[in-house]
Amino acid sequence: MSVFSNAFDSRGYICLADVMSVESLNDIKSYLESSSTTRAGDRRLLDHSWCRDLAGTIRDHLECRKLIAGNYVATLCTYFDKSADSNWGVASHRDLSVPVKRKFCRQSWKNWTVKQGIPHVQPPTQFLLGMFAIRLNIDHSTAENGALIVSPCSHQTETADPPSVVVEGLPRSALMMSPMLVHASRKSTNGTDRRVLHFLFGPSQQSSPVEWFYAA
């Protein structure tokens, strides 16, 4: 039996509305705007208690809606802040690396890197298919300001067509996606903010063969 919902298993992604309250969103905006260390691409947000608390809120939301089963923990949170001052596009790719506590020797775990002081490794495909990401929209994410573009069902195949579905979302909404889903994004064309918190969730320490760098 899958640990995920049937819709997620089939398409590799689902869209979720109202993952948090308006008050919680305003608190997160204040945290992000007041932090002198937070920047686009920051992978160390789980160092902060507000981000660890948010990860728990998201996990509880998914469990209540019966979208996941089992005990999952947030293993990483990355901040993406696309704006007129910081604008970029991303080519089609899958998210193949995961953050771990330390380097180890294990067959089929390969391609070691260090990102912002965190060891990353590429696990076997089957392990990645047991993980999921949550992209939480802080702002209204649209085709004009660089919303994510995905290739449905591409997590199930080695090759895939280029991403074709633009996943727009209102503030407080989220995209739940497989790390194996092929995705991309274009540069913003209207200069409006598109802030996203990208959480990666994996099985708990008890059911994972590795020790996570974070386990929130």
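Which residue in β9 does Leu148 stand opposite? I would like to start from that small detail and work outwards, keeping in mind throughout that what we have in front of us is a predicted model. The residue is Val167: Leu148 stands opposite Val167 in β9, and the strand concerned, β8, covers residues 148-150 and is joined to β9 by three bridges, with the two strands running antiparallel.

That pair belongs to a wider arrangement, an open sheet of four strands in the order β3-β11-β8-β9, in which the pairing is antiparallel. At the edges of this sheet are β3, residues 90-93, and β9, residues 165-167, each of which pairs on one side only. From one strand to the next, the twist averages 25°.

Just after one of those strands there is a loop I would like to mention, the one between β11 (183-185) and β12, and in it lies Thr189. Is Thr189 buried or exposed? Its relative accessibility is 67%, and because residues over 50% are classed as exposed, Thr189 counts as exposed. Thr189 and Ala143 are 46 residues apart in sequence, and yet the distance between their C-alpha atoms is 8.7 Å.

There is also a second sheet to describe, again open, with three strands in the order β4-β6-β5 and antiparallel pairing. Here β4 (98-99) and β5 (110-115) are at the edges with a single partner strand each, so one side of each has no neighbour in the sheet. Between β5 and β6, the latter being residues 118-122, the antiparallel pairing extends over four bridges, and within it Lys115 stands opposite Ile118.

Turning to the helices, let me take α2 and α3 in order. Helix α2, residues 22-34, has 13 residues, which at 1.5 Å a residue should span 18 Å, and the end C-alpha atoms are indeed 18 Å apart, in agreement with that expectation. Which residues of α2 are buried? They are Leu25, Ile28 and Leu32, and seen down the axis of the helix they fall within an arc of 60°, so they line one face of α2. As a general point, an α-helix has 3.6 residues a turn, so residues three or four places apart point the same way. On the face of α2 turned away from the buried side we find the exposed residues Glu23, Glu33 and Ser34. The buried residues of α2 are covered by elements including α3 (49-64), β2 (72-82), β7 (132-137) and β12 (194-203).

For α3, the 16 residues should span 22 Å at 1.5 Å a residue, and the end C-alpha atoms are 23 Å apart, which agrees. The buried residues of α3 include Trp50, Cys51, Leu54, Ala55 and Ile58, and also the polar-side-chain residues Arg59 and His61. Among the elements that cover the buried residues of α3 are β1 (13-16), α2, β10 (174-177) and β12. After α3 comes Lys66, with a positive phi near 55°.

Finally, the nonpolar cores. The largest has 47 residues, and those with the most contacts inside it are Phe132, Ile134, Met176, Leu197 and Phe199. Leaving aside residues up to four places away in sequence, Phe199 touches, among others, Cys51, Leu54, Ala55 and Ile58, as well as Phe132 and Ile134. Apart from this core lies another, of eight residues, including Tyr13, Val150, Met177 and Leu148, and that brings us back to the residue with which I began, the one opposite Val167.

Technical notes
Residues are numbered from 1 along each chain as its sequence is written. This is a predicted model: local features need pLDDT of at least 70, side-chain atom pairs count only at pLDDT 80 or more; totals for chains, interfaces and linings use all residues. Side-chain values use heavy atoms; hydrogens and water are left out. The expected span of a helix is 1.5 Å times one less than its number of residues. Buried means under 20% relative accessible area, exposed over 50%, partly exposed in between (1.4 Å probe, protein chains only). The arc is that of the directions from the helix axis to the C-beta atoms. Contact means heavy atoms within 4.5 Å. Two strands pair if DSSP finds at least two bridges between them. Axes are lines fitted to C-alpha atoms, for helices over the stretch in contact, and angles run from 0 to 180 degrees between N-to-C directions. A nonpolar core is a set of buried Ala, Val, Leu, Ile, Met, Phe, Trp, Tyr and Cys residues joined through side-chain atoms within 4.5 Å.
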